[in-house]
Amino acid sequence: MVSQRAADVTPFMAMDVLERANERDDVIHLEVGEPDFSPPDRVIETAVDSLRAGHTNYTAARGKPALRRAIATYYDRTYGVAVDPNRVVVTPGTSPGLFLAMAALVDSGDEVVLTDPHYACYPNFVRVADGEVTTVPLDASEGFQPRVDDFAAAVGPDTRALLLNSPANPTGAVMDGETLSGLVDVAADAGATPVVDEVYHGLSYDATEHTVLEYTDDAFVLDGFSKRFAMTGWRLGWVIVPPDYVEAVNRLAQNVLICAPNFVQDAGVAALETPADRLDEVRATYRERRDLLVDAVEDWGIDLGYTPQGAYYLLADVSDLPGDALDVADLFLEAGVAVTPGVDFGDEAAEYLRFSYATDADAIETAIDRIDDLLATVGR
Ligand SMILES: Cc1ncc(COP(=O)(O)O)c(C=O)c1O
């Protein structure tokens, strides 16, 4: 019999939409969370060279020293924060890093506080660790910024972790420094640990990104190569681990993960050396697409209530359109545009749709035309 833990894990609706969208070949995919860029050429060449050089064995569970040093240097260069390479654990993607953090922190019944909306998979990671989820609602009119006071009210004696994400999926909100440092204080006062998913760092358009490590060493940072370097299928990420947890996390990684792929780790070093102008170009492209979609959504008479500042998502309230958000998503799909129903991202997002702009501008324009035509039929 399937364990209660596994039975409690909810499906990911975006994947369901993707499956249905793939039954047709003319659908425009605004439901995907996957960059449409290729990784930089040097990254690919480095992986191939590394494979040819025979770097196909296991590595140390915590990762190759050169990559761990390169990650530590990246924090110094990007945020002016000194990170001891001993605190860096390389993982096969950000998701296994999240698993390690939850496994290292959460005992049965411990509480993890997160925002609603939130990345769809977060509650499932907490459930797999036998923890309890508490959510703090966010508001579009406040740019989906967490309110520090709400978190202070939500934490209690059982709170072990605050699980945060910026730039955020599904809202595209970028947490400001004051909020992030306020949440660090809330965690410290409650004897809890901040766990911050920074996987969309590098993809912000109008906002300054802050790593939680600017405010404390007593935090887990989850990050990886999937998003800003467009390396989703390469499976490479890292965790910056609080000093007291380094050995426990390493033991977990040794047992559960063995290691991230050897030659992919070499490619990771090359990715971190990507010239800034290439990343600027990627950012400029996403920004143009965001502006295109934001304007279109407003033209449809939907008040976004905020400007998404990062990642490649926006979350739009469709409660004024006929039917519920699932019906609207179905109508959009019939019109040839796949989007993700908000219900994946928490109760607060149930009347919303998430649009991803990780798709080229021409396709986004066609999607907008299709939705324009569809909405014209319902008088919008
Ligand atoms: C917020 C967030 N965290 C983590 C991930 C997974 O990243 P990775 O491919 O590094 O496992 C995603 C993927 O969409 C995400 O949106």
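How far is an oxygen atom of the ligand from an N or O atom in the side chain of S226? The distance is 2.7 Å. The close-up views below show this contact and other local features of the structure, which is a predicted model.

**View 1. The ligand and the side chains that contact it.** The ligand sits in the largest pocket. There are 13 residues around the ligand, and those that come nearest are T94, S95, D197, Y200 and S226. Besides the S226 contact at 2.7 Å, the view includes N169, which has a side-chain N or O atom 2.8 Å from an oxygen atom of the ligand. K227 also places a polar side-chain atom 2.8 Å from a ligand oxygen. Taken alone, the ligand would expose 400 Å², and the protein buries 90% of that area.

**View 2. The ring pair of Y75 and W238.** A pair of aromatic rings is described by how far apart the centres are and by the angle of the planes. The whole structure contains 20 aromatic pairs. In the pair of Y75 and W238, the ring centres are 6.4 Å apart and the planes stand at 85°, so the pair is edge-to-face; the cut-off for this class is an angle over 60 degrees. The pair joins distant parts of the chain: Y75 belongs to helix α4 (residues 65-79) and W238 to strand β8 (residues 237-240), with their positions 163 residues apart in the numbering. Y75 and W238 are both buried.

**View 3. The ring pair of Y286 and Y312.** Here the ring centres of Y286 and Y312 lie 5.3 Å apart, and the planes meet at 35°, so this pair is tilted. An angle of under 30 degrees would count as stacked. Y286 is in helix α11 (residues 276-299), while Y312 is in the loop between α11 and β9 (313-317); the two are 26 residues apart, and the pair links distant parts of the chain. Both Y286 and Y312 are buried.

**View 4. An aromatic cluster.** Which residues form one aromatic cluster with Y286 and Y312? They are F37, Y200, Y205, Y313 and Y357. Y200 also appears in View 1, as one of the residues that come nearest to the ligand.

**View 5. Two cis peptide bonds.** The peptide bond from D116 to P117 is cis, and its omega is near 10°. P117 is located in the loop between β3 (111-116) and α6 (122-128). The bond from S166 to P167 is cis as well, with omega near -15°. P167 is located in the loop between β5 (159-165) and α8 (177-190).

**View 6. Positive phi at F144 and R235.** F144 is a residue other than glycine with a positive phi, near 55°. F144 lies in the loop between β4 (132-137) and α7 (148-154). Is F144 buried or exposed? F144 has a relative accessible area of 3%, so it is buried; the cut-off for buried is under 20%. R235, again not a glycine, has a positive phi near 55° too. R235 is in the loop between β7 (220-224) and β8. With a relative accessible area of 32%, R235 is partly exposed.

Notes
Residues are numbered from 1 along each chain as its sequence is written. This is a predicted model: local features need pLDDT of at least 70, side-chain atom pairs count only at pLDDT 80 or more; totals for chains, interfaces and linings use all residues. Side-chain values use heavy atoms; hydrogens and water are left out. Rings of Phe, Tyr and Trp (its six-membered ring) pair if their centres lie within 6.5 Å; planes under 30 degrees apart count as stacked, over 60 as edge-to-face and the rest as tilted. Helices (H or I, at least four residues) and strands (E, at least two) are DSSP runs, numbered from the N terminus. Buried means under 20% relative accessible area, exposed over 50%, partly exposed in between (1.4 Å probe, protein chains only). A residue is near a molecule or strand if one of its heavy atoms lies within 4 Å of it. A polar contact is a pair of N or O atoms within 3.5 Å; within protein, one must be able to donate a hydrogen and the other to accept it, and residues adjacent in sequence count only if both atoms are side-chain atoms. Accessible areas come from the Shrake-Rupley method with a 1.4 Å probe; for residues, only the protein chains shown count as cover. On a 1 Å grid over the protein atoms alone, a cavity is a set of points where a 1.4 Å probe fits but cannot get out, and a pocket is an open set with protein on both sides within 12 Å along at least five of seven lines; lining residues have an atom within 4 Å of a point. A molecule sits in a cavity or pocket if more than half of its atoms lie within 2 Å of its grid points.
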